[in-house]
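Here is a walk through one protein model, going from the overall build to a handful of individual residues. Have the viewer open as you read.

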Amino acid sequence: MLGRDDPSPFFVTNPDGRSPYLIIGDHAGRAVPAPLGDLGLTPEAMDRHIAWDIGVAGLGDLLAGALDAAFVRQTYSRLVIDCNRGPDSADAAPARSDGVLIPANQGLRPADLAARRSEICDPYQARIAEALDARQAKGRATLMFSLHSFTPVFGGQARPWRFGVLHRGDSALSLRVLALLREHLGDVVGDNQPYAMDGTDYTVPLHADARGLDYLELEVRQDLIADEGGQEEVAVFLAPILRAAIRPD
């Protein structure tokens, strides 16, 4: 499905970073393979949260630099294929998203979905596994850090949280980051808000659970990181908190 001029399914910033954090961005990109055209959507629709996690690519790059961490991010739009959904997930290529019809995803054949997964998701997940294998071979401890962003308003409902920490109650790192964020910001930091980490999440369980790694799944409200200035401000705020969470007093 991917042609000569289509980008790689993943991009890696600072691959040799020495931080325990391995940052990943499942929804950081919004590219569309050439054969799929524009998915039948307007440019304005592709700018919206339905197509990607706004601000994550820039914020992830800044955090990679500030923490000396590797950042593996996915290049293609979540409307092409959602790399944080399992192979059998019904919403891996949604027919609608936040009320918007996705014309290119109507009546998808299993073979179409399989092609998107094999050419986009599988290489991305393989690159994460490769990074983890390399770290293990060098004897480096790893904390998986999955970075996402969320729209300030969804379904007509305002979301007051600035950040959200998603977890299953089994992550000491997540609870430390949650506590540190709440020390600074109080209740505008969500504990499994605006989403909960549940059976729909794929990337963190796939890699962290099998290897016995601790993890952090952090959501950032998109209006805070919609431009470079906001991304820089949030990175400056988050970096010392993330460092402190590695080795708590």
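Contact, as used here, means heavy atoms within 4.5 Å. Keep that cut-off in mind for everything about what covers or touches what. Also keep in mind that this is a predicted model.

**The whole chain**

Let's start wide. The protein has six helices and eleven strands. Its radius of gyration is 17 Å, close to the 18 Å that the globule rule gives for 249 residues, so the protein is as compact as a globular protein of that length. Taken along the principal axes, the C-alpha atoms fill a box of roughly 55 × 45 × 30 Å.

Of the 249 residues, 52% are buried. The accessible surface adds up to about 11,000 Å², and carbon and sulfur atoms own 52% of that surface. Sequence-distant pairs feature heavily in the contacts: take those between residues at least 6 apart in sequence, and 81% of them join residues at least 24 apart. As for charge, there are 24 positive and 35 negative ones, and their mean positions sit 3 Å apart.

**Helix α4 and its surroundings**

Now zoom in on α4, which runs over residues 172-185. This helix has 14 residues and reaches 20 Å from its first C-alpha to its last, close to the 20 Å expected at 1.5 Å a residue. Its buried residues are Leu173, Ser174, Val177, Leu178, Leu180 and Leu181.

What covers them? The cover includes the strands β2 (21-25), β6 (143-150), β9 (163-166), β10 (189-191) and β11 (215-221), along with helix α6 (228-246). Right after α4 comes Gly186, with a positive phi near 70 degrees.

Val165 gives a view of this region from the strand side, as it belongs to β9. Val165 has a relative accessible area of 0%, so it counts as buried. Leaving aside neighbours within four places in sequence, its contacts include Ser174, Val177, Leu178 and Leu181, and those four are among the buried residues of α4. Val165 also touches Gly190, Asp191, Asn192 and Gln193, as well as Leu216, Glu217 and Leu218. The C-alpha atoms of Val165 and Gly190 are 6.1 Å apart, with their positions 25 residues apart in sequence.

**Backbone oddities**

Follow the chain out of β10 and you get to the loop between β10 and α5, where Asn192 is found. Asn192 has a positive phi near 55 degrees, despite being a residue other than glycine. Pro194 is in the loop between β10 and α5 too, and the peptide bond leading into Pro194 from Gln193 is cis, with omega near 5 degrees.

Asn14 is another non-glycine with a positive phi, about 50 degrees. You'll find Asn14 in the loop between β1 (10-13) and β2. Its relative accessibility is 29%, so Asn14 counts as partly exposed.

**Three more residues to click on**

Is Ala208 buried or exposed? With a relative accessible area of 1%, Ala208 is buried. Ala208 sits in helix α5, residues 203-211, and beyond its neighbours within four places in sequence it is in contact with Met144, Leu213 and Tyr215.

Ser77 is in the loop between β3 (70-74) and β4 (96-97). Loop or not, Ser77 is buried, at 0% relative accessible area. Not counting residues up to four places away, Ser77 touches Gly29, Arg30, Ala31, Met46 and Ala51.

Leu113 is part of helix α3, residues 110-137. Leu113 counts as partly exposed, with 25% relative accessibility. Its contacts, again not counting residues up to four places away in sequence, are Ile81, Ala93 and Leu108.

Here are some C-alpha to C-alpha distances for these residues, set beside the separation in sequence:

| Pair | Apart in sequence | Apart in space |
|---|---|---|
| Ala208 and Val72 | 136 residues | 15 Å |
| Leu113 and Ala93 | 20 residues | 7.5 Å |
| Ser77 and Ala93 | 16 residues | 9.9 Å |

Ala93 turns up in two of those rows, and Ala93 is also one of the residues that Leu113 touches.

How values were computed:
Residues numbered from 1 in each chain as written. Predicted model: local features only at pLDDT ≥ 70, side-chain atom pairs only at ≥ 80, totals over all residues. Heavy atoms only, no water. Helix = DSSP H or I, 4+ residues; strand = E, 2+ residues; numbered from the N terminus. Expected span 1.5 Å × (residues − 1). Buried < 20%, exposed > 50% of the residue type's maximum accessible area, 1.4 Å probe, protein only. Rg over C-alpha atoms; globule rule 2.2 N^0.38 Å. Areas by Shrake-Rupley, 256 points an atom, 1.4 Å probe, with all protein chains shown as cover. Lys, Arg positive; Asp, Glu negative; His and termini not counted. Charge placed at Lys NZ, Arg CZ, Asp CG, Glu CD.
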